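Open the structure in your viewer and keep the selection tool ready. This tour goes stop by stop.

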Amino acid sequence: MKIAVVENNKQQTNSIFEPGFIVIYEKGGGEWKVLDRFENKICNAKGMAAVRMAVADIIKQLGDVKVIVASEVPGIASGTFQAAGFNIFLVESEVPEILDSVKKEMLEKIKEQRKEPDRFDITQFLKPGMEKGDFSINIEEIMLKNPDLTSKKILIPYLKSGEFNGLDIICSHIPKWFVTDLG
């Protein structure tokens, strides 16, 4: 398993918006080895569009890596990584100390996903609208009560079922997958 870490010069996790490096690690022969190391250019991005483009460039550089560790990945950067299928770990620590625990947590997460299909019942959170078949749903309320869920896991099965005429979705920001998956 490869893990990308946003880090500073002292091998400590760093914010995605701070100068530093993105380092790709992989465990081989009982120890973590550096596969690649490049400058974090996201910290230089000014404005939302520039942040999205910088994150997209980093994602291309990461190739098949789908795990990123940093001390902070806020807002647009987080949404862009999540839309690309990344698992984000927020940790403030020395890098060598966290790699094994991140790997362990990812393996447990993969094991859980294989073992137990998603059984989220959206109907308990739907509020009727003005017309028959119209509903509204508050994504943030659901995610507060169910921190393991994402907006995609909550909505996609319901959207595919088509059991509504209109659906108002209340959220703090428009998830990037709305445009890419529902475009």
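The stops below cover one helix, then some ring contacts. Keep in mind that this is a predicted model.

**Stop 1: helix 1**

Select residues 48–62, which make up helix 1. Its end C-alpha atoms lie 21 Å apart. At 1.5 Å a residue, 15 residues should span 21 Å, so the two values agree.

Now colour Val51, Ala54, Val55, Ile58, Ile59 and Leu62: these helix 1 residues are buried. Look down the axis of helix 1. The buried residues fall within an arc of 145°, so they line one face of the helix.

What do they pack against? Show strand 1 (2–7), strand 2 (21–28), strand 3 (31–39), strand 4 (67–70) and helix 2 (75–83), the partners of the buried residues of helix 1.

Turn to the other side of helix 1. Ala49, Met53 and Lys60 are exposed there. Then step just past the helix to Gly63, which takes a positive phi of about 60°.

**Stop 2: aromatic pairs**

How many aromatic pairs does a search of the whole structure find? It finds two.

Select Phe81 and Phe86. They form an edge-to-face pair, 5.2 Å centre to centre, with 70° between the planes. Both Phe81 and Phe86 are buried.

Next, select Tyr158 and Phe164. Their ring centres are 5.2 Å apart and their planes meet at 20°, so this pair is stacked. Tyr158 counts as buried, at 6% relative accessibility. Phe164 is partly exposed, with a relative accessible area of 21%.

**Stop 3: a charge over a ring**

Finish at Arg37 and Phe21. The charged end of Arg37 sits over the ring of Phe21, 3.7 Å from the ring's centre.

Key:
Residues are numbered from 1 along each chain as its sequence is written. This is a predicted model: local features need pLDDT of at least 70, side-chain atom pairs count only at pLDDT 80 or more; totals for chains, interfaces and linings use all residues. Side-chain values use heavy atoms; hydrogens and water are left out. Rings of Phe, Tyr and Trp (its six-membered ring) pair if their centres lie within 6.5 Å; planes under 30 degrees apart count as stacked, over 60 as edge-to-face and the rest as tilted. Buried means under 20% relative accessible area, exposed over 50%, partly exposed in between (1.4 Å probe, protein chains only). A charge sits over a ring if NZ of Lys or CZ of Arg is within 6 Å of the ring centre and within 35 degrees of the ring normal. Helices (H or I, at least four residues) and strands (E, at least two) are DSSP runs, numbered from the N terminus. The expected span of a helix is 1.5 Å times one less than its number of residues. The arc is that of the directions from the helix axis to the C-beta atoms. Contact means heavy atoms within 4.5 Å.
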